[in-house]
Each structure stands twice: as C-alpha cells, then as structure tokens.
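Here is a short report for a reader new to this structure. Please look at the sequence and the model first, then read on.

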Amino acid sequence: MLTLDKVYDAQRVLKDNIRKTDLIHAPALSDKADIYLKAENLQKTGSFKVRGAYYKIARLNDEQKKRGIIACSAGNHAQGVALSAQKNNIKSAIFIPSTAPISKIEATRKYGAQIMLVDGVYDDAYQAAIKYQQETQGEFIHPFDDIDIIAGQGTIALELMEQLSDMEAVIVPIGGGGLISGMAYTVKMLNPNCKVYGVQACGAPSMVNSLHEHKRIELPSVSTFADGTAVKLPGENTFKICEEYVDEVVTVSEDEIAGAILSLIEKQKLIAEGAGALSVAAAMFNKLPLEGKKTVCLVSGGNIDVNILSRVINRGLMKEGRLSDLTIELLDKPGQLRDVSTIIAQHGANVIRVRHNQGGKGTEINECYLSVTLETKNAQHLEEIKQTFIEKGYKISSTF
C-alpha cells in the first residue's frame, strides 16, 4: 500500500542524495494561468527518476544487493538506477531500447552499469530484462509499477507543498504512470482541492485510453520523440492510483511538444527533453481548464540528444510561424528574384535559403519554382507576406 508515511520516509532517505529542485515562476508561458516550473530537469542525472530508483535500492537487503540489480528503461530510469547502484556498490545490468537517445545510453554507461541494448521500444526492453532476471535471480527495479518507486517520485509533491502551499493545479507527464501516481496521491492527501492533471504524447496515449475504458489498454505501438513516455501499457498499481486520484489526462501533439521546448529555451533558459516538456505544452496550448489558477508544470527531465534538439527547435519555429518555406511559381526571366526579395525585405523578414528549380513535367516551358526559406516574427507576419505576393499576382504553390 502507498501511504503518506512511506512518501515521508522516502524524503528522509533521499534528503542527502538528491537535489531539492527549484520552483521557477514562469508567467511568460501562459496568458491564462499563473505558471510555475518544477525543474526536475536540473535534478541529478537530469531527471526525477533518481528519486524512486534510489529509494527502492536503499531498501534492498544485503542478500538482494549481493545478487545485483536489473532494470529496463528508455534512458532516465537507467541513469537513476545506475547512479543509485554505484553509490551503494551494487552491480547493475540495464536493458535499454535501441531507439533511446545515444546521450542517455552513454550517460548510463558512465555510471558503471552494464548496458544491454534491445531492438524496439521500452516494452521490448522490459521483456528482455524480465527474462534475464529469471535466469540470474537479480533484483528487478521496475521503472514505474512499484510502490517504493512511486513513493520516491511522490517526494516531489512534498517539496511543492513547501515551495507553493497555495498551488491550485499541477500538470504531470505520464509514461507508465509512476511519477503522476506518486504526485497525485501525495497532493490529494495533503490538499484535496488541488487539481492533478496528466499529459501524454498523442503518439503514446496508453493511460488516456486506459482511463477512458476503465481498464488497462495496451497499445499496439507507440510513436513519439518524447521517448521517456513511450510506454504501451500502464502499470497495474499506477493505473489504479491514477483512476482514483488524477482529475484529467490529455494529449499533446509532437508540434506542441516542440513548441514547448522552444519556449522553455527562449523564455526560461531551460533545456527540456520531449517527455519533460509535455506539461508545459498542455498549459501553453490550452489543453486544460487553468484560467486564473496557480499552476505547476513539472519539467520532468532534460536529457535530450543535441542532434534531436536542433530538429526540435526548427519544428518549434515552424509551429509558431517563425521559420517557413514559401514556394512561388514564376516566369523564368531576369529580375524575378530581385522582385521577390524586395517584397520580403519590405516586410522585414529574413531570407536564409533560396532554391531555384526550372519547371518540370506538367508546367509551361518558361515557368520555374522559387523556394524561399524565411525567418518571420510569427504566423501573422508570414500571412501578411503571402497576401502581398498574391495581391501582386504571384502564385504561392506551397507553404510549410
């Protein structure tokens, strides 16, 4: 059973082994709610996961520790387990899906864990880890469906109660449900009036579907760059706790997640991974009834691969209408590029790339296409440029 005493015990155990992360006021992220960010992306290992992992491992007896630790993870739980095992002088073998970012895999390896890469997603790594555990009798550290793990994650709520005692809502990312289970239970026990909301990527809505059907639903597949929440099936414990204590769970799109990551970088100078930005995306894109509420968005992790980050930033810029490609149909004659450039310059936009393609099959012999990549202020600014081209007789064949 999950109890408040267990959450407080986890807080005691973790006191000298984790960071009490900052709560940052972020009013620029929403004009409807009063937003605060719980910065677990600044936690040791770059994620909240070390809380549950350390508490679980600290409670193992000597015989369990001697047999070693086995875990599976998309990356963040792996790092939490590896660090906790290292601190307790325990051998660890961690199964990681091959789709996990290289940065997370290498960070886990640096903490001394034996890495086992498995083709597929988290659920495939889980099956491989369970098989290995049966063969070796090592102690399996579940990433979310374990009461000790859930209690460790619940310590975040205890910190929040100290940092913002009058908070009215908290938004929590969901993968398998360990984080929101610990958060929701603890928050509701201490402040029943505070709303607890969950958010998933639209490509991995396992908890959303399960709560809607009032039973655990396994997805045939998941697809999201928020790899930390790419879970096909919620846990048994976590599903029950969420059904009782979570007020609502919503989904956000990949573009909305990218937009949230971009806003966190620009407005708060914080780096979040896809899973870590889910809560901010839900607040920014008005997925929940937050009007006028003091709302905490839990930024659960910051371990994003730098190669992915550049793509995410570009996607976020496109989502906001600040980076786009205009393809304009023209007659292939001198002066056309000058005229197009003049219109763009008059509107104060910046051209960063130009591609000229002569007409192909289905076009007139003297036609061409001019693709221009633009930096603009916002979607309205881009629309004004497009309208000017149309008014001057140009044909816009595509925008993206």
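H77 sits in helix 4. The model is a predicted one. H77 is buried, with a relative accessible area of 1%, which is under the 20% cut-off for that class. Along the chain, H77 and V199 are 122 residues apart. Their C-alpha atoms are separated by 19 Å.

**The four-stranded sheet**

Helix 4 spans residues 76-87. Together with strand 3 and strand 4, helix 4 makes a right-handed β-α-β unit. A further unit of this kind follows: strand 4, helix 5 (residues 102-110) and strand 5 also make a right-handed β-α-β unit.

These strands belong to an open sheet of four strands. The order is 5-4-3-6, and the pairing is parallel. Strand 5 and strand 6 (139-141) are the edge strands, and each pairs on one side only. From one strand to the next, the twist averages 25°.

How is strand 4 held between its neighbours? Strand 3 (residues 69-72) runs parallel to strand 4, and four bridges join the two. Here I70 has A93 in strand 4 as its bridge partner. Towards strand 5 (residues 114-118), strand 4 has five bridges, again with a parallel run. I96 has L117 in strand 5 as its bridge partner. P97 stands opposite V118 in strand 5.

Is strand 4 (residues 92-97) enclosed or open? Six of its six residues are buried, so strand 4 is largely enclosed by the rest of the structure. In a regular strand, side chains alternate between the two faces of the sheet. Both faces of strand 4 are covered. On one side S92, I94 and I96 are buried; on the other, A93, F95 and P97 are buried.

**The six-stranded sheet**

There is also an open sheet of six strands. The order is 1-2-10-7-8-9, and the pairing is mixed. Strand 1 (23-25) and strand 9 (248-252) stand at the edges. Each has a single partner strand, so one side of each is left without a neighbour in the sheet. Neighbouring strands of this sheet are turned by 25° against each other on average, direction ignored.

Strand 7 (residues 169-173) and strand 10 (residues 294-299) pair in the parallel sense. Three bridges link them. I171 has C297 in strand 10 as its bridge partner.

**Two helices that cross**

The axes of helix 1 (residues 4-14) and helix 8 come within 10 Å. They cross at roughly 110°. Helix 1 and helix 8 are therefore roughly perpendicular to each other. Their crossing is left-handed.

**Aromatic pairs**

How many aromatic pairs does the count give? It comes to four. One of them joins Y185 and Y245. The ring centres of Y185 and Y245 are 5.4 Å apart and the planes stand at 90°, so the pair is edge-to-face. Y185 lies in helix 8 (residues 178-190) and Y245 in helix 10 (residues 236-245), so the pair ties together parts that are 60 residues apart in sequence. Y185 is buried, at 10% relative accessible area. Y245 is buried too, at 16%.

The rings of F389 and Y394 have their centres 5.5 Å apart and their planes at 90°, so this pair is edge-to-face. Both F389 and Y394 are buried.

**Two loop residues with positive phi**

Most residues other than glycine have a negative phi. Which residues here have a positive value without being glycine? Q137 is one of them, and N286 is another. The table gives their phi values and places.

| Residue | Phi | Loop |
|---|---|---|
| Q137 | near 65° | between helix 6 (122-136) and strand 6 |
| N286 | about 55° | between helix 12 (278-284) and strand 10 |

Q137 counts as partly exposed, at 46% relative accessibility. N286 counts as partly exposed as well, at 43% relative accessibility. Each loop leads back to a sheet described above. Strand 6, after the loop of Q137, is an edge strand of the four-stranded sheet. Strand 10, after the loop of N286, pairs with strand 7.

Notes. Residues numbered from 1 in each chain as written. Predicted model: local features only at pLDDT ≥ 70, side-chain atom pairs only at ≥ 80, totals over all residues. Heavy atoms only, no water. Phe/Tyr/Trp six-rings, centres within 6.5 Å; stacked < 30°, edge-to-face > 60°. Buried < 20%, exposed > 50% of the residue type's maximum accessible area, 1.4 Å probe, protein only. Pairing = 2+ DSSP bridges. Right-handed = clockwise from strand over helix to strand, strands pointing away. Axes fitted to C-alpha atoms, helices over the stretch in contact; angles between N-to-C directions. Parallel < 35°, antiparallel > 145°, perpendicular 65-115°, else oblique. Left-handed = near helix turned anticlockwise from the far one by under 90°.
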